[in-house]
Amino acid sequence: VQLQASGGGLVQAGGSLRLSCVADGRLIYYNMGWFRQAPGKEREFVAVVNKSGGSTDYADAVKARFTISRDDAKNTVFLQMDSLKPEDTAVYYCAAVYTYSTWPQNYNYWGQGTLVTVSS
């Protein structure tokens with residue numbers, strides 16, 4: 001499956017952005033995750049939603065601020081980001097995995113990334 005992430009941009013601290021990840025095929029077979037990579041840092045887990053949409057996990061750094069969701073009818077996964085902080089600045093990637101995981105090395109398919117910049 002090919003994934004296309006979008007929705008990044010420049011926002012002030014405290015603002016919101018909504019990222020989208022559209023697939024060229026059906027997403028019902030996959031658990032879907034969002035990861036991010038800041039300059040000079042390793043890629044890190046942000047959020048994951050299971051195949052049914054009934055279970056989610058979040059990195060501690062984004063809990064209560066970010067919400068992951070999916071719309072399988074549109075083959076799309078979303079990441080709603082609220083109360084953004086400068087430390088959230090990174091390239092955000094969506095990814096698909098057959099077996100539920102928060103580890104990036106386990107993921108099977110990756111999108112190209114979308115840049116989020118949060119100014120102070």
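Trainee: Strands here are DSSP runs of E, at least two residues long and numbered from the N terminus, so where does that put Trp103?

Mentor: This is a predicted model, and in it Trp103 falls in the loop between strand 9 and strand 10, the latter spanning residues 109–110.

Trainee: Is that Trp buried or exposed?

Mentor: Trp103 has a relative accessibility of 53%, and because exposed means over 50%, it counts as exposed.

Trainee: And how far is Trp103 from Phe45, in sequence and in space?

Mentor: The two are 58 residues apart along the sequence, while their C-alpha atoms are 6.8 Å apart in space.

Trainee: Okay, zooming out, how many helices and strands does the chain have?

Mentor: The chain has 11 strands and zero helices, which gives an uninterrupted run of β elements when the pattern is read along the sequence. Its radius of gyration is 13 Å, close to the 14 Å from the globule rule for 120 residues, so the chain is as compact as a globular protein of that length.

Trainee: What box do the C-alpha atoms fill?

Mentor: Taken along the principal axes, the C-alpha atoms fill a box of roughly 40 × 25 × 25 Å. Within the chain, 45% of the 120 residues are buried, and of the contacts with a separation of 6 or more, 57% are between residues 24 or more positions apart.

Trainee: Switching to cysteines, how many disulfides are there, and which residues are joined?

Mentor: The count comes to one disulfide, which joins Cys21 to Cys94 with an S to S distance of 2.1 Å. Cys21 belongs to strand 3 (residues 17–23) and Cys94 to strand 9 (residues 90–97), so the pair ties together parts that lie 73 residues apart in sequence.

Trainee: Why is that disulfide called right-handed?

Mentor: The torsion about the S-S bond of Cys21 and Cys94 is about 65°, and therefore the disulfide is right-handed.

Trainee: Are those two cysteines buried or exposed?

Mentor: Both Cys21 and Cys94 are buried, whereas Trp103, in the loop that comes after strand 9, is exposed.

Trainee: Last topic, the surface: what area does the chain expose, and how many charged side chains of each sign are there?

Mentor: About 6,100 Å² of the chain is exposed, with carbon and sulfur atoms supplying 48% of that area. As for charge, there are 11 positive and 10 negative side chains, and the centre of the positive set lies 3 Å from the centre of the negative set.

Conventions: Residues numbered from 1 in each chain as written. Predicted model: local features only at pLDDT ≥ 70, side-chain atom pairs only at ≥ 80, totals over all residues. Heavy atoms only, no water. Disulfide = S-S within 2.5 Å. Helix = DSSP H or I, 4+ residues; strand = E, 2+ residues; numbered from the N terminus. Buried < 20%, exposed > 50% of the residue type's maximum accessible area, 1.4 Å probe, protein only. Rg over C-alpha atoms; globule rule 2.2 N^0.38 Å. Contact = heavy atoms within 4.5 Å. Areas by Shrake-Rupley, 256 points an atom, 1.4 Å probe, with all protein chains shown as cover. Lys, Arg positive; Asp, Glu negative; His and termini not counted. Charge placed at Lys NZ, Arg CZ, Asp CG, Glu CD.
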